[in-house]
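Below is a short note for a reader who has not seen this structure before. The points follow the contact between two parts of the chain, then the ligand, then the charged pairs.

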Amino acid sequence: MAIVNPVQPTVDVRELAPDELTAAWHLGRLAFGSDPQPPPQAVTPSPGRTTYGAFDAGGQLLGKAVDLHDEQWWAGRAVPVADVAGVAVAPEARGTGVGRALLRTLLRDAHDRGAAVSALFATTPAPYRACGWEIAGQLRTLDLPTAALPRHRPDPQLTVRAGTPADLPAVADLHQRVTRHRCGLLTRTHPRYDNAADELPYDGFTIVEHDGHLLGYAGWNRGRGYGPDAVLTVEDILATTTEAARTLVGVLASWHSVTPTVRLTPLPGDAISTHLPLEIAREHERDTWMHRPVDIARAVESRGWPAHTRGQVTFTLTDDLAEWNTGTWQLTVADGNAHLHRVTTQADLHLTVRGFALLYTSAATAHTLAETGLLRHTTPDPSALDLLAAGPPAQALDYF
Ligand SMILES: CC(C)(COP(=O)(O)OP(=O)(O)OC[C@H]1O[C@@H](n2cnc3c(N)ncnc32)[C@H](O)[C@@H]1OP(=O)(O)O)[C@@H](O)C(=O)NCCC(=O)NCCS
């Protein structure tokens with residue numbers, strides 16, 4: 001698609017051909033300071049991934065962006081997502097509309113392929129805010145002093161053992177049970193999560209079972225050394241009962257003599273978190289994630305809604321980048337489902353696309369949005385739009 005703007009005369013954005021992926025990778029390497037050699041998967045076409053390039057009139061590559069065709073759980077239903085990654089513009093072309101042109105085309109194609117919402121991890125929110133994404137949460141990786149983790153005598157009812165690749169299907173099943181009723185978490189069904197059947201994705205894998213049924217797991221990488229700087233990095237940890245969570249945390253505590261620090265990314269409010277001394281955690285890394293609807297009608301209809309929520313509200317929405325969202329809409333929520341249809345009546349509530357994102361992810365209320373200017377209203381009380389924020393708050397657990 002050729003996009004014209006006042007500074008950069010013409011930017012042509014299109015999906016890259018396989019032989020253009022290496023040039024795009026080098027653009028990303030310059031922006032993100034990656035290793036000098038590309039990993040093979042970055043320069044060969046792979047399923048569930050579209051890489052876009054922006055070119056000037058002379059055919060010079062100016063920028064690139066990737067759409068990962070993901071799925072997220074939203075209150076019990078898997079919603080198709082455009083996860084945006086690897087957005088990079090050549091330094092000399094920054095600030096001239098290349099990023100916006102890339103994101104516009106990515107959104108249009110994501111809409112055409114059926115995506116409902118989009119998420120991204122932002123190094124800087126400003127360019128994404130300008131294009132309709134808004135900050136909805138943070139993914140925090142924490143360091144905990146291993147010696148402060150609660151020790152625990154092994155529960156005689158539970159079996160603790162080292163996992164093997166044969167346990168991975170049960171782990172995927174447990175992950176689904178914990179995540180599917182939440183909002184915003186990846187289903188991990190994207191091809192990048194496919195593991196070789198005979199390989200563990202980590203150094204080690206601790207399993208907790210009852211009568212042969214998996215109740216909790218922790219996948220960890222040992223790291224090097226056993227001095228004061230040694231860290232045990234827990235890549236993935238979940239449990240479905242408090243006993244299994246306590247047992248897993250007890251196993252992590254047993255590392256105190258050789259890895260003084262345990263590093264992990266807890267899922268807020270889950271069974272593991274309730275056994276961690278979070279008050280003394282130090283933040284190792286914080287990644288800010290942003291959300292945007294791709295298609296508001298699809299976003300509302302493809303997700304689950306709380307069964308007890310019922311109501312109706314009419315609002316207008318303006319979306320400069322995804323114009324199919326612009327209009328006056330009536331939202332109806334009942335019996336765990338919701339519908340959005342266009343209406344011709346006047347609305348008292350005027351929502352920006354960033355405001356829609358904040359309500360949909362339950363990161364704001366109508367009153368707080370009105371204070372930020374992302375919602376304008378001509379009625380004294382805008383809270384009817386809280387209907388859109390009725391679901392549990394969206395979360396993130398996986399970086400991409
Ligand atoms: C971030 C990046 C991709 C933005 O692309 P770009 O082509 O420079 O952005 P555009 O010129 O299309 O600008 C789009 C909007 O973002 C705004 N914007 C862009 N960069 C900005 C910045 N650093 N600070 C504030 N606003 C910025 C622009 O003003 C514009 O908004 P407007 O139309 O309302 O004025 C580019 O600067 C880049 O490659 N940076 C280095 C790598 C990086 O940080 N990538 C992001 C990874 S998440």
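1. Polar contacts between domains. In this predicted model, seven residue pairs are in polar contact across the interface of domain 1 and domain 3, both residues of each pair being at pLDDT 80 or more. The elements that supply two or more residues to the side of domain 1 that touches domain 3 are β5 (77–89) and α2 (98–112). Of the elements, α2 gives the most, with seven residues. By type, the residues on that side of domain 1 are 10 nonpolar, three polar and five charged.

2. Salt bridges at this interface. How many salt bridges are there between domain 1 and domain 3? The count is zero. The five charged residues on the domain 1 side should be read alongside that count of zero salt bridges.

3. Where the domains lie. The domain assignment of the protein gives domain 1 as 12–132, domain 2 as 141–284 and domain 3 as 296–389. Taken over C-alpha atoms, the centres of domain 1 and domain 3 are 28 Å apart. To their contact, domain 1 contributes 18 residues and domain 3 contributes 15 residues.

4. Buried area. The size of an interface is often expressed as the accessible area lost when the parts come together. For domain 1 and domain 3 the buried area is about 1,500 Å², with 61% of it on carbon and sulfur atoms. Which residues of domain 1 lose the most area to domain 3? They are Trp74, Arg77 and His111, which together account for 36% of what that side buries.

5. The ligand. The ligand is surrounded by 19 residues, and the closest are Val89, Gly95, Gly97, Gly99 and Arg100. Two backbone contacts can be listed. A polar backbone atom of valine 87 is 2.9 Å from a nitrogen atom of the ligand, and a backbone N or O atom of valine 89 lies 2.7 Å from an oxygen atom of the ligand. From a side chain, a polar atom of threonine 123 lies 3.0 Å from an oxygen atom of the ligand.

6. Salt bridges in the whole structure. Side chains of opposite charge can pair when their charged atoms come close. A search of the whole structure finds 17 salt bridges. One pair is glutamate 209 with arginine 161, whose closest N and O atoms are 2.9 Å apart. Glutamate 209 is in strand β10 (residues 204–210) and arginine 161 is in strand β8 (residues 159–162), so this pair ties together parts that are 48 residues apart in sequence.

Key: Residues are numbered from 1 along each chain as its sequence is written. This is a predicted model: local features need pLDDT of at least 70, side-chain atom pairs count only at pLDDT 80 or more; totals for chains, interfaces and linings use all residues. Side-chain values use heavy atoms; hydrogens and water are left out. Domain bounds come from an automatic or database domain assignment. Contact means heavy atoms within 4.5 Å. Buried area is the accessible area (1.4 Å probe) that two parts lose on being put together, summed over both. A salt bridge is a side-chain nitrogen of Lys or Arg within 4 Å of a carboxyl oxygen of Asp or Glu. A polar contact is a pair of N or O atoms within 3.5 Å; within protein, one must be able to donate a hydrogen and the other to accept it, and residues adjacent in sequence count only if both atoms are side-chain atoms. Helices (H or I, at least four residues) and strands (E, at least two) are DSSP runs, numbered from the N terminus. Ala, Val, Leu, Ile, Met, Phe, Trp, Tyr, Cys and Pro count as nonpolar, Asp, Glu, Lys and Arg as charged, and the others, Gly among them, as polar. A residue is near a molecule or strand if one of its heavy atoms lies within 4 Å of it.
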